[in-house]
Amino acid sequence: QVQLVESGGGLVQAGGSLRLSCTASGIIFSTKHMGWYRQAPGKQRELVATITQTRYTNYGDSVKGRFTISRDNAKNTVYLQMNSLKPEDTAVYYCATIGPVMDWGQGTQVTVSS
């Protein structure tokens with residue numbers, strides 16, 4: 001079955017950086033659009049960034065210019081480099097396959113202190 005495992009979350013001060021990783025199994029990774037989403041307490045899950053098979057990228061307005069999504073098909077892994085972090089970036093970050101049926105990881109907590 002499909003398995004997505006996120007890692008790299010943690011506690012960081014405002015202005016700092018983190019890199020999230022998501023390693024996939026049970027899918028032909030190179031054929032999948034992939035994405036990162038996040039959900040803060042009391043808020044709806046929102047799009048952070050997506051990347052297509054051809055590495056076309058798209059970002060949510062709140063992270064443009066600060067976050068970068070990338071992928072390594074040889075490692076079945078998608079990354080999210082997060083720079084200039086703000087307290088409002090605090091959320092659980094989820095990796096997902098993007099398509100008619102979406103598969104989700106278990107999430108990784110990112111906490112940005114002011």
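**View 1. Tyrosine 94 and its ring partner.** In this predicted model, tyrosine 94 counts as buried because its relative accessibility is 14%, under the 20% cut-off. Its ring and that of tryptophan 104 have centres 6.4 Å apart and planes at 85°, so the two meet edge-to-face. The pair links distant parts of the chain, with tyrosine 94 in strand β9 and tryptophan 104 ten residues away in the loop between β9 and β10.

**View 2. The structure's two aromatic pairs.** Alongside the pair just shown, look for tyrosine 37 and tryptophan 104: ring centres 5.1 Å apart and planes at 65° make this pair edge-to-face. Since tyrosine 37 lies in strand β4 and tryptophan 104 in the loop between β9 and β10, the pair ties together parts 67 residues apart in sequence. Tyrosine 37 is buried at 15% relative accessible area, whereas tryptophan 104, at 34%, is partly exposed. Together, Tyr37, Tyr94 and Trp104 form one aromatic cluster.

**View 3. Arginines over aromatic faces.** Here is another neighbour of tryptophan 104: arginine 45 lies over its face, 4.5 Å from the ring centre. Elsewhere, arginine 71 lies over the face of phenylalanine 29, at 4.6 Å from the ring centre.

**View 4. The largest nonpolar core, with 27 residues.** Trp36, Val78, Leu80, Met82 and Tyr93 touch the most other members. Strands β3, β4, β5, β7, β8, β9 and β10 each supply at least two core residues, and β3 gives the largest share, four.

**View 5. Around tyrosine 93.** Leaving aside neighbours within four places in sequence, tyrosine 93 is in contact with residues including Glu6, Leu20, Trp36, Arg38, Leu80, Met82 and Val110.

Definitions and conventions
Residues are numbered from 1 along each chain as its sequence is written. This is a predicted model: local features need pLDDT of at least 70, side-chain atom pairs count only at pLDDT 80 or more; totals for chains, interfaces and linings use all residues. Side-chain values use heavy atoms; hydrogens and water are left out. A nonpolar core is a set of buried Ala, Val, Leu, Ile, Met, Phe, Trp, Tyr and Cys residues joined through side-chain atoms within 4.5 Å. Buried means under 20% relative accessible area, exposed over 50%, partly exposed in between (1.4 Å probe, protein chains only). Contact means heavy atoms within 4.5 Å. Rings of Phe, Tyr and Trp (its six-membered ring) pair if their centres lie within 6.5 Å; planes under 30 degrees apart count as stacked, over 60 as edge-to-face and the rest as tilted. A charge sits over a ring if NZ of Lys or CZ of Arg is within 6 Å of the ring centre and within 35 degrees of the ring normal.
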